Structures are given as C-alpha cells and as structure tokens.
Amino acid sequence: MTAVASPSATATGRGARLARRAFVVRELGIGLALVLLVTVTYLANPRFLTAQNIKDLLLGSAILAILAVGQAIVVITRNVDLSVGSILGLSAFATGSVFVASPGLPIPVVVLLGLAFGAVLGTVNGGLIAAARVPALVVTLGTLYVFRGVDYMWAQGRQINAADMPSGFLRMGSAAMAGLPVLALFAVVVLVAVGYYLRHFRSGRELYAIGSEPAAARLYGIPTGRRVFAAFVASGALAGLAGVLHAARFGTLDANAGLGSELNVVAAVVVGGVAIFGGSGSVYGAALGAVLLTTIRAALPVLGINPFWQDAAVGVLILAAIGLDRALSARVGRSLRERKSSHG
Amino acid sequence: MLSLEGVSKSFGAVAALRDVRLELFGGEAHGLVGENGAGKSTLVKILAGVHAPDAGTVALDGHPLQLSGPAQARAAGIEVIYQEPTLFPDLSVAENIFMGRQPLRGLRRIDTARMRADASELFARLGVRLDPDRPARGLSIADQQLVEIAKAISLDARILVMDEPTAALSGVEVDRLFAVTRSLRDAGAAVLFVSHRFDEVFALCQRITVMRDGRWVSTDPADDLTVDELVRRMVGREVSALYPKRDSTVGRPRLQVRGLTRHGSFTDVGFTVHSGEIVALAGLVGAGRSEVCRAIFGVDRYDAGEVTVDGVRLSNGDTAAAITAGIALVPEDRRQQGLVMELSVERNATLPRRWALAVGGLLTGATERRAAATWAQRLQVKAARLSDPVHMLSGGNQQKVVLAKWLATTPRVLIVDEPTRGIDIGTKAEVHRLMSQLAGDGVAVLMVSSELPEVLGMADRILVMHEGRLTADIPRAQAGEESVMRAATGQAAAA
C-alpha cells in the first residue's frame with residue numbers, strides 16, 4: 001500500500017475522509033444530542049430509564065421512525081408526502097375491519113395487506129403527481145384530506161376495540177423479542193433494508209441524483225417520473241405498514257388515528273439531517289430524528305417543563321438542525337476550496 | 001456516420017431551425033459556427049434527444065433514428081458536453097461519471113471500490129488530478145467540464161457533441177481538452193464542435209458548417225476557409241473592427257485596492273484603476289480573478305486589505321455601499337448572478353434603480369418601461385417585447401440587459417467578469433464598443449477575461465494573476481500573448 005502513496009492518492013484519502021466526516025457528523029450530531037438529552041433527564045430523574053419507560057420510548061419511536069424512513073425516500077427526491085398521517089389512519093382502520101370480517105387471518109397476511117393497501121394509496125399520490133405535473137406538496141395536501149375523508153365515511157363514528165382483534169395480534173404490539181419490542185424490530189428491519197438499498201443500488205442512487213439536480217437527472221437519461229412515482233409508492237407502503245402496527249399497539253381504532261402526524265414525520269426527517277431540497281441525507285438520520293423527537297416529548301414532562309413548551313422545543317430543535325446543516329456545509333465548502341488552492 | 005436532413009424545429013411562433021442539414025463522419029471533427037440565436041444550441045439539443053424535431057430526419061449509419069429522449073441518444077452512442085455542465089452537486093465526482101451505469105457486483109449492488117478506481121483511471125488518462133470521492137459541489141466550471149468529458153470517454157461515445165466546451169477554460173485546459181478530443185477522433189469517433197473561437201475551430205476541425213438565423217449556410221473543408229470568410233458568412237456582412245479601442249486620457253486614480261487577501265482564494269492583491277482606463281485582469285481559470293472582483297464589490301468578505309473609490313474607503317462585505325460608491329459588477333455567470341430569469345426584460349433592466357425610478361415609493365409601470373426602452377435601444381437589445389421574461393432572450397442579448405441594468409446607474413467603476421463569454425461576434429463588438437465608450441466618459445473599467453485577443457485588444461494595462469497572487473502588471477505597449485501567458489502560468493517574476 002505504501003508504494004501507491006502518490007500525491008493523488010493522498011488527495012483521494014483526504015477527500016474521502018472529508019466526505020465521510022460530513023456524513024458521520026450529521027448522524028453523530030443527532031446521536032450526541034440524544035445521549036445528552038437522555039443523560040440530563042436521567043440525572044434529573046433516574047426513573048426516566050426504567051425498563052417500562054425505555055420500552056415505551058422504543059414503541060413510540062418505532063412507528064414514527066417507519067414513517068420517517070418512508071418520508072426520507074420522498075424528500076431525498078426533492079418532494080414531500082403530506083398524506084402519510086391519513087394513510088396510516090386508513091390502514092389502521094382497514095386492519096381492524098379485516099379482523100372484524102375474518103378473525104382467523106394469519107398476522108403476516110394482515111401485515112402484507114397493510115403494506116399493499118398503503119402502496120395502493122401511494123400509487124394514487126404518485127399517479128396524480130406524474131399525470132397532473134403538479135408539485136407533490138399540493139397533491140399530497142389534497143390527498144391528506146381525501147384519504148382522511150374516506151376514513152371518516154368508512155368509520156361513520158364507529159370504533160373498533162381491542163376485543164374485536166385477535167389477542168396474538170395485540171400481543172405483537174407490546175411483546176418483546178430478545179429484549180427489543182417487536183415494533184422496534186420492524187422499524188430496524190425497514191431502516192436497514194431501505195438504507196442498504198439507497199446506498200448500494202443504482203435506482204437508489206438515482207433518487208439522490210433526481211433530488212440533487214432534476215434537470216441534470218433528465219439529461220442523464222434517468223427515468224425521473226418512474227423513480228419519483230416509486231418513491232411515493234414506497235412511502236405509502238411504509239405508512240400502510242405503520243397503520244397495521246398502530247392498530248396492534250393501541251387496539252382501539254377510530255377514524256382519527258394518526259391525525260396530524262405528517263408534520264411530526266417531516267420534522268423528524270429534517271431534524272435527522274435530510275436536506276428538504278433533496279439530494280442529501282440518510283434514512284438513518286431520519287430514524288434518529290424520529291427517536292429524538294419521541295424522547296424529547298417524553299423527557300420534557302419528566303424534567304418538569306410545562307407541557308405547553310413541548311412544541312416550542314421541537315421547533316427550536318428543527319431550527320438548530322437546519323443551522324447545524326448550514327454551518328456544516330459552509331465548513332465543508334471552505335475546506336474543499338482551501339484544498340483546491342493548495343493544489344493550484 | 002450521422003446525418004441530419006431537412007430538420008426544422010419551432011418553439012411557439014419562433015422558428016429556431018429551418019431545413020437544416022448536417023453530416024458527421026467517423027474520425028472527423030466538424031466545426032459548427034454561427035451567431036448567437038443561429039440555432040446551434042437547438043441543433044445540439046436535438047442530437048441530445050432533449051428536443052424532438054418537427055420535421056426532417058436524423059439517420060445513424062443510414063438507418064433512421066428516433067431520438068425521443070436523452071436515454072435513446074446515449075444508447076445510439078451520442079454524448080453531449082454542454083457549455084454549462086449539469087452535474088449533481090450532492091453526489092461524488094465518481095457517481096457523477098457513472099450515474100445509471102455504475103459497475104455492479106453480486107445481487108446488482110454497486111461496486112463502489114471499482115467505480116472509484118475506474119474514475120481515477122479516467123482522470124489519469126486525462127492527465128488531471130481530481131478526487132473521485134469529493135462532492136461535485138464547489139468544483140470550478142473547468143473541473144466540472146472535465147467530469148463531463150471523463151463521462152463521455154467512459155461511455156466510449158461514437159459521436160461526441162461539444163457545445164462551446166472551451167468558453168470557461170484557460171489555455172492549458174483547452175490544450176488538454178483538445179488532446180483528448182483528437183485522440184477520440186483518431187480512434188474513429190465523430191466530433192461536432194460548436195464554438196465562437198475561430199482559432200480553436202480551425203485547430204481542431206476538418207470541416208466547418210456555418211449557420212445563420214436557424215438556417216444552414218455552408219459546409220466546407222476547413223482548409224478552404226479563412227476567418228474573415230467565416231465571419232462574413234455568419235453575420236452576412238463584414239465586421240469592421242472587433243476591438244474598437246479608442247485611446248482615452250487616463251485621469252486620476254478611481255479604484256484603489258491595497259493588500260487584499262481572502263484566505264484560500266487570493267493573497268495580497270493590490271492595484272489601481274484610473275478614470276478613463278480599461279484594466280484587464282488576466283490569468284488562468286481558478287487564479288482568483290473573479291474572487292477578487294466579488295470581494296471588491298462586497299459580495300464576499302476579505303480577511304485583510306482595503307478598497308477605496310475616489311479616495312473613500314469601502315466597508316468590507318457591503319454590496320450596498322459599493323453600489324452607492326459607484327461600483328457596478330457584471331458577473332461571470334449571468335444566468336445565476338446577473339439576472340432574475342423569470343422577470344421581464346424591463347424589470348431586470350431597472351432593478352438597481354427601482355428606488356430612483358419610484359414615484360412616492362411606488363414603481364409605476366410607465367417610468368420603468370420608458371427607462372428600459374431607452375436602454376434597450378442604446379444597446380440594441382433584440383427582444384420580441386420588453387415585457388418578455390429574460391430567459392427567452394439569447395445569451396448575447398441577456399448580457400446586454402445586464403449591462404444596461406448597471407450602465408443606467410451611471411457607475412464610476414465598472415467591473416466586468418468575462419463580458420463576452422458565449423456571445424456571438426457581432427454582439428461582442430458592440431459590448432467592446434460600449435466599454436470603450438464608457439472609459440472615454442471617465443469610467444474606470446476592470447475587465448476579467450480569459451480570451452487573450454480580447455485582453456490584448458481592449459486593455460490599457462494588463463494585470464496577471466497566478467494562484468491567487470498578482471504576478472505581472474504589463475502596459476499595453478509591451479503586452480503580447482507570450483508575456484501574459486508566461487505570467488499567468490507563473491513562469492515570470494513579478495514585473
């Protein structure tokens with residue numbers, strides 16, 4: 001290896017380190033903030049870290065994290081999916097209804113049905129965006145209300161209770177395997193699969209390319225429309241999965257499940273370092289953002305902070321994340337510039 | 001190899017191409033010249049598959065070719081290098097080269113290590129040092145172009161279309177590009193070379209096609225043509241003087257720069273521009289010339305030094321103060337920095353004077369229109385309507401609007417960065433005439449230019465920068481291509 005240590009090789013090494021550091025710092029920064037928050041809260045009140053509390057935290061994070069992973073896929077392509085909360089609601093109610101209709105259905109089948117149902121709703125989003133050539137923000141704002149409206153019509157004020165669903169299914173919502181809640185395992189599997197796909201597959205990298213510079217993506221011959229469509233289907237499918245898990249966790253379902261959660265999801269993604277204008281960031285960051293937001297909501301009451309301040313705290317966190325992002329990209333830009341001038 | 005017959009294309013009511021023909025042969029470089037708005041770029045975009053022709057046929061090896069998208073053009077072996085490269089800023093250089101066709105390993109996963117190695121190998125072949133892992137964001141235009149060329153080479157393109165690839169390159173980089181292009185051509189590729197620089201067209205091409213007003217004018221072997229003949233065919237008239245530099249009396253110092261330093265960009269830059277003087281700032285791309293201009297104008301802050309206009313010191317990083325002091329900056333990149341592309345011609349032209357033109361704090365359409373019309377006439381801006389958005393104009397006319405916008409503020413110091421880049425020869429002469437006229441009126445003009453003939457033809461004095469430092473200050477009488485190039489490449493001691 002020492003034989004190839006030419007000037008260009010060292011330059012390569014330095015650039016790689018720089019890029020890696022930028023990547024690591026993003027995720028690391030959120031991780032540090034999380035550790036700091038947990039430590040401070042624990043010191044203030046050691047009961048914050050009881051087994052039950054940790055489990056609750058993981059359960060709460062899991063569903064938000066799955067939604068955030070789906071949202072990150074869409075945001076990376078310079079789009080946004082505001083309808084995920086409504087898709088979750090519809091999927092959760094559909095899950096309950098399926099069990100009411102045929103209680104004997106195996107759980108894996110129901111999970112797959114939820115995924116497929118969400119994917120169908122995602123297809124509606126993707127199709128409208130592709131056909132109408134309208135910004136995703138507008139289209140999904142529309143479907144947010146449409147899907148929720150369908151949910152209300154379907155439910156007609158009814159409620160599906162835990163008694164209507166098989167106990168095995170409800171156990172899945174609170175049981176643990178190897179110390180981890182099953183819901184968190186779902187989230188980890190989704191996270192690792194999507195993270196690996198985005199990093200190591202052509203079509204995954206093309207999603208980043210589309211978000212980074214849409215005009216260039218078209219000139220490269222990337223099937224932009226198809227990729228963005230697929231991103232919305234994926235986001236919908238994950239929201240559908242989240243709906244099934246929501247049903248399993250809470251057991252009581254009405255048409256209000258997941259109401260307003262879309263903004264929480266977008267916040268998690270942004271806090272997690274995914275650039276809102278696409279092209280950069282990772283699903284790992286988005287998932288960490290989801291855990292951080294959930295932890296903050298749990299920690300503030302423990303710290304004795306007025307619950308009315310919770311939203312403000314989340315807001316400050318978003319602004320801090322954006323500020324960090326700016327400072328970071330400025331620093332990376334500067335060091336790239338200095339490197340270039342030293343080369344001549 | 002590739003032939004176009006009777007190709008026409010209209011955008012709305014505007015006919016961009018009318019009955020154009022073109023034939024490219026393997027192993028031959030073909031020059032395409034014409035004024036701005038002659039339809040060269042539209043032709044390039046048809047070859048790239050971006051636009052579909054309204055009429056006419058494109059044939060490859062005698063078989064008709066349907067170019068319904070960039071992917072088809074690429075599949076047919078056509079690779080286009082644009083004047084302004086389009087890369088993905090967030091992705092690595094290696095990914096930019098191989099996007100969509102990254103080397104794969106098992107399970108169709110991307111083989112990152114091989115992709116990086118392949119990119120390094122391409123850069124080694126090109127003789128450049130670029131880090132495949134760094135993001136494309138922050139690369140100079142020259143480096144971005146190299147990434148595009150590396151991409152074309154990696155594709156083994158049979159037909160290489162280059163749309164003014166040298167507009168932003170310095171001499172060394174152009175030589176490197178030409179060496180690479182020649183080797184591709186000698187390997188059997190057909191090259192279509194679109195350029196405004198005749199010396200380059202003649203140096204590279206065997207045959208030259210001239211276009212005018214969207215029509216094909218002529219195609220001849222390069223050996224049968226002269227520059228004068230080409231110019232005559234392009235404009236349909238003789239261009240009398242390309243560089244109408246009038247001698248003007250040099251007055252007192254207007255713009256003084258002392259010890260200006262911005263870490264990583266330039267160091268200890270100091271010079272004076274007098275009223276009535278045109279001073280050129282020459283050097284290779286990346287020498288720090290544009291950065292100096294931006295610092296003077298207050299766009300970027302500097303770390304040390306001072307800037308004075310007529311003896312009054314400007315505060316660091318304060319664009320408003322610079323404008324008040326009478327500095328006007330015509331930036332290098334007119335699309336991003338010079339104009340608001342969506343606004344109308346008249347809005348753009350009156351933007352810096354919107355307060356002066358306002359009546360009681362409100363802008364009235366009438367005053368704006370009158371002021372814009374005056375300037376459009378003086379600079380001979382060709383626009384269908386002044387209320388059209390600026391992006392509908394050709395490059396040369398856009399540059400005129402940028403000029404109009406600043407000239408209307410009656411500046412005392414005019415800084416122009418690559419004023420004629422990508423502009424056709426007729427407009428070029430007009431821009432030069434204008435600069436000369438301004439200097440005659442007592443304005444101090446600082447011109448950044450990569451085109452040596454322009455530098456030598458226009459400037460009273462030539463400052464040369466190399467790697468962020470001023471290396472030479474050459475008076476017009478002693479300036480020659482050689483002395484400037486030597487200083488620009490750092491071979492001469494400071495004069």
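Which residue of S22(B) is the bridge partner of Met465(B)? The answer is Leu470(B), and the strands around this pair offer a convenient way into the structure. The model discussed here is a predicted one.

Met465(B) belongs to a region in which strand S21, residues 461–466 of chain B, is joined to strand S22, residues 469–475 of chain B, by 6 bridges. These two strands run antiparallel. They form a hairpin with 2 residues between the strands, and within this hairpin Glu467(B) adopts a positive phi near 50°. S21(B) also pairs with strand S15, residues 278–283 of chain B, this time in the parallel sense and over 5 bridges. In that pairing Gly283(B) stands opposite Met465(B). Met465(B) thus faces Gly283(B) in one pairing and has Leu470(B) as its bridge partner in the other. Strand S21(B) is largely enclosed by the rest of the structure, because 5 of its 6 residues are buried.

The wider setting of these strands is chain B as a whole. Its secondary structure comprises 18 helices and 22 strands. The C-alpha trace of chain B extends about 65 × 50 × 45 Å along its principal axes. A compact globule of 495 residues would have a radius of gyration near 23 Å, and chain B, at 23 Å, agrees with that expectation. Of the 495 residues of chain B, 50% count as buried. When contacts between residues at least 6 apart in sequence are considered, 67% of those in chain B join residues at least 24 apart.

Chain B also contains an open sheet of 6 strands, arranged in the order S6-S9-S10-S3-S11-S12, with mixed pairing. Strand S6 (78–81) and strand S12 (215–221) of chain B each have a single partner strand and stand at the edges, so one side of each lacks a neighbour in the sheet. From one strand to the next, the twist averages 20°. Within the sheet, strand S3 (residues 29–34) of chain B and strand S11 (residues 207–212) of chain B run parallel and are joined by 5 bridges. Gly31(B) stands opposite Ile208(B) in S11(B). Helix H5, residues 141–154 of chain B, lies across S6 and strand S9 (159–163) of chain B. The direction of H5(B) is at about 175° to S6(B).

Another open sheet of chain B has 4 strands in the order S14-S13-S16-S17, and its pairing is antiparallel. The edges are occupied by strand S14 (266–274) and strand S17 (312–313) of chain B; each has a single partner strand, so one side of each is left without a neighbour in the sheet. Strand S13 (residues 253–262) of chain B is joined to S14(B) by 6 bridges, and the two run antiparallel. Val257(B) has Phe271(B) in S14(B) as its bridge partner. Here too a helix lies over strands: helix H9 (residues 289–297) of chain B lies across S13, S14 and strand S16 (304–309) of chain B. H9(B) runs at about 110° to S13(B).

Chain A has a secondary structure of 13 helices and 2 strands. Buried residues account for 44% of its 344 residues. Of the contacts in chain A with a separation of 6 or more, 80% involve residues 24 or more positions apart.

A pair of helices illustrates the packing in chain A. Two packed helices are described by the angle between their axes and the distance between the axes. For helix H11 (residues 261–271) of chain A and helix H12 (residues 283–302) of chain A, the axes come within 7 Å and cross at roughly 120°. The crossing of H11(A) and H12(A) is right-handed. From H11(A), the residues Asn264(A), Ala267(A), Ala268(A), Val269(A) and Val271(A) meet Ala286(A), Gly289(A), Ala290(A), Leu292(A) and Leu293(A) of H12(A). Sorted by class, this contact has 8 nonpolar, 2 polar and no charged residues.

A single residue, Thr123(A), completes the account. Thr123(A) is located in helix H4 (residues 107–132) of chain A. It counts as partly exposed because it has 16 C-beta neighbours inside 10 Å. Leaving aside residues up to four places away in sequence, Thr123(A) touches Val233(A) and Gly236(A). The C-alpha atoms of Thr123(A) and Ala231(A) are separated by 9.6 Å, although these residues are 108 residues apart along the chain.

Terms used. Residues numbered from 1 in each chain as written. Chains lettered and ligands numbered in written order. Predicted model: local features only at pLDDT ≥ 70, side-chain atom pairs only at ≥ 80, totals over all residues. Rg over C-alpha atoms; globule rule 2.2 N^0.38 Å. Buried ≥ 20, exposed ≤ 12 C-beta atoms within 10 Å, placed from the backbone. Contact = placed C-beta atoms within 7 Å. Pairing = 2+ DSSP bridges. Axes fitted to C-alpha atoms, helices over the stretch in contact; angles between N-to-C directions. Left-handed = near helix turned anticlockwise from the far one by under 90°. Nonpolar A, V, L, I, M, F, W, Y, C, P; charged D, E, K, R; others polar.
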